[in-house]
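This report describes the empty spaces of one protein model, followed by a helix packing and some backbone details. The sequence and structure are shown first.

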Amino acid sequence: MWPKIESVLDRYAGWIAIVLVLIASARIVATYDPLSHTIDEPAHIACGMEWLEKHTYTFEAQHPPLTRVMSALVPWISGSRGHGEKGMYEDGIAILFANGGEEKILSRARLGILPFFWIACWVTFACTRWIAGAASAVVSVFLLSMTPGMLAHAGLATTDMGLTAMLWLALYTGWRWIETPTTLGTCAFGAATGAAILAKFSTFAFLPAIALFGLLFWFFWQRESFPSTVARVRARLPQFGIAVGVSLFVVWAGYLFSFGSAPYFPFSVPAPELFRGIEEVSKHDKLGHLTYLMGSVNTVGWPSFFVIALGVKTPLAVLALGLAGFGLMLVRKFFGPRGWIVPSTILGILVFSSFFSQIKIGTRHVLPVLVGLAIAGGGASIWLCRRVNGARTAQAAVAILLVTVGVNSIAAHPDYIAYFNAIAGSQPQEFLIDSDLDWGQDTKRLARRLKEVGATEVYYNQFGAGDPRKMYGFPPIKPLDVNGPKPGWNAVNITPMKLGLWQGARYAYDPGFHFWPEQTAPVERVGRGILLIEGR
């Protein structure tokens, strides 16, 4: 039975992968309408619109322009324009609500990110096929396209899906170039690396960290003599120089071939916005960012943050298969040197993010790890079905795991942002908040629910910019009281509550402390991120 199944997967791998991607794309698009804009989306749209409309990039340099331009592209083609507001959040909200409701313009903005999801799926397929064969590639695409975290950020006008796609494209083309250096491969590697830099500045940290782990695996397993390694490097240096040149040209083009003064230089340089952005990211990292993990709050995060976050946000079946594949690909005899791309990427990203960055606010910052788990999981699935003693048991186990992935993914719709696996139980806010749970995506749902209950006013700890009365038709809003519920309707965004933010003040608290909304019954959840309480 299994040889027939694998034969079908091999023969029709490309077509099956296309169908899986189309299904996932339809599911992503279906989240556009029910979810209101998240905290960061208006700012990204405004910055992209400035680039398209004014050919400048002055709102904020901390994020490069590629994904921002893509998020603004379809609205711009459809006639949307900037509104001249001083701040990027304010201008973004003005763009979104220019015609009343945000649904049409927000959907168009989110459509601009969908191609990055397609690229990520293609790279997943191509990379897995290169490592482990076509059948494994199909399973990898299935795992990726069913992972809620991937679907979530593929459906938002933010930067994380762009980084995931372009970083993996750079890694794949780079690994292929190392194996078989060609002129075309050199240019592809350089262009993909430039695009990854234009997607997010995390590329500057992730690529060297990944390369370092790749070299460690090479020296440990390959055991090539030092002179041979030096000769190999020397032979590739000219082409590497070409790749760097192509990358720099792509980055400069992304900044519209600008030229001017920039930090770190006493003279004018190409793409000064790039260097201003690097400076802003550096300052952000030194200051840290208010973050939460398992009942504790600080501004520098914890080394365990991303490991715990992935542990509760990734479907358990994807984790099981991904970690099995991670181990198999780490050992050269199973998949050869090609397989090292997966453990190198996962370890490089997690080690840097955990120990060398103070910005720890969500799994979206390590989203490329999910691609690595999908590739590893696809390789492990087919390997288990082929080679383990008691193959029927292994095949049944793999089948059950894959079915579990599909069922859990469908059940999570459309709340992919707030998906948690069984480890988190019914109180995911005890583990994570922000872009992993409540990122402002349920505000429109709250407005609808307040209308249904006939609320004439609401006590509310607003999370995000803009006036909910004008944007969504809220009733009159009063400040939510930190001391207890007020008579009538009290709406509580989980993220600011867990951070201790109440009407501009921050309340520090000990681990294990709970504010009154979590101790008050009955509590109705609106979407996944807002608690609605009726005070007496």
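## The largest pocket

In this predicted model, the largest pocket has a volume of about 1200 Å³. Its lining consists of 34 residues, and those nearest the centre of the pocket are Gly174, Trp177, Ile178, Ala211 and Phe240. Four elements give two or more residues to this lining: helix 10 (160-179), helix 11 (183-199), helix 12 (202-222) and helix 13 (226-254).

What is the division of the lining of the largest pocket into nonpolar, polar and charged residues? The nonpolar class holds 24 residues, while six are polar and four are charged.

## The second largest pocket

The second largest pocket contains about 920 Å³ of space. It is lined by 40 residues. Nearest the centre of this pocket lie Gln62, His63, His284, Ile359 and His365.

At least two lining residues come from each of helix 3 (41-54), helix 5 (88-96), helix 12, helix 14 (272-287) and helix 18 (341-355). Helix 14 supplies the largest share, with five residues. By class, the lining of the second largest pocket comprises 19 nonpolar, 13 polar and eight charged residues. Helix 12 is thus named for the lining of the largest pocket and also for that of the second largest pocket.

## Enclosed cavities

Rolling a probe the size of a water molecule over the atoms shows where empty space is left. For a cut-off of 30 Å³ or more, the count is four cavities.

The largest cavity has a volume of about 120 Å³. Of the 16 residues in its lining, His37, Phe463, Gly464, Ala465 and Met471 are the closest to the centre. Helix 5 and helix 22 (468-472) are the elements that give two or more residues to the lining of the largest cavity, and helix 22 provides the largest share, three residues. The class counts for this lining are 10 nonpolar and six polar, with no charged residues. Helix 5 also supplies at least two residues to the lining of the second largest pocket.

The second largest cavity holds about 100 Å³ of space. Its lining has 14 residues, of which Gly149, Lys313, Thr363, Leu370 and Asp436 lie nearest the centre. The elements giving two or more residues to this lining are helix 9 (148-154) and helix 15 (305-313). Helix 9 gives the most, with three residues. Seven nonpolar, five polar and two charged residues make up the lining of the second largest cavity.

## Packing of helix 10 and helix 13

Two packed helices are described by the angle between their axes and the distance between the axes. For helix 10 and helix 13, the axes come within 11 Å and cross at roughly 145 degrees. The crossing of these two helices is right-handed.

Which residues of helix 10 meet helix 13? They are Trp177, Ile178 and Glu179, and their partners in helix 13 are Arg236, Gln239 and Phe240. By class, this contact has three nonpolar, one polar and two charged residues. Trp177, Ile178 and Phe240 also belong to the residues that lie nearest the centre of the largest pocket.

## Overall dimensions

The protein contains 23 helices and 11 strands. Its radius of gyration is 24 Å, close to the 24 Å given by the globule rule for 536 residues, so the protein is as compact as a globular protein of that length. Taken along the principal axes, the C-alpha atoms fill a box of roughly 75 × 65 × 45 Å.

## Backbone details

The peptide bond from His413 to Pro414 is cis, and its omega is near -5 degrees. Pro414 is located in the loop between helix 20 (391-412) and helix 21 (443-452).

His55 has phi near 60 degrees, a positive value in a residue other than glycine. This histidine, His55, is found in the loop between helix 3 and helix 4 (66-77). Of the helices that flank this loop, helix 3 is one of the elements that supply at least two residues of the lining of the second largest pocket.

Notes. Residues are numbered from 1 along each chain as its sequence is written. This is a predicted model: local features need pLDDT of at least 70, side-chain atom pairs count only at pLDDT 80 or more; totals for chains, interfaces and linings use all residues. Side-chain values use heavy atoms; hydrogens and water are left out. On a 1 Å grid over the protein atoms alone, a cavity is a set of points where a 1.4 Å probe fits but cannot get out, and a pocket is an open set with protein on both sides within 12 Å along at least five of seven lines; lining residues have an atom within 4 Å of a point. Grid points are joined across faces, edges and corners, and a volume is the space filled by probe spheres set on the points. Ala, Val, Leu, Ile, Met, Phe, Trp, Tyr, Cys and Pro count as nonpolar, Asp, Glu, Lys and Arg as charged, and the others, Gly among them, as polar. Axes are lines fitted to C-alpha atoms, for helices over the stretch in contact, and angles run from 0 to 180 degrees between N-to-C directions. A crossing is left-handed if the near helix is turned anticlockwise from the far one by less than a right angle, and right-handed if clockwise. Contact means heavy atoms within 4.5 Å. The radius of gyration is taken over C-alpha atoms; the globule rule is 2.2 Å times the number of residues to the power 0.38.
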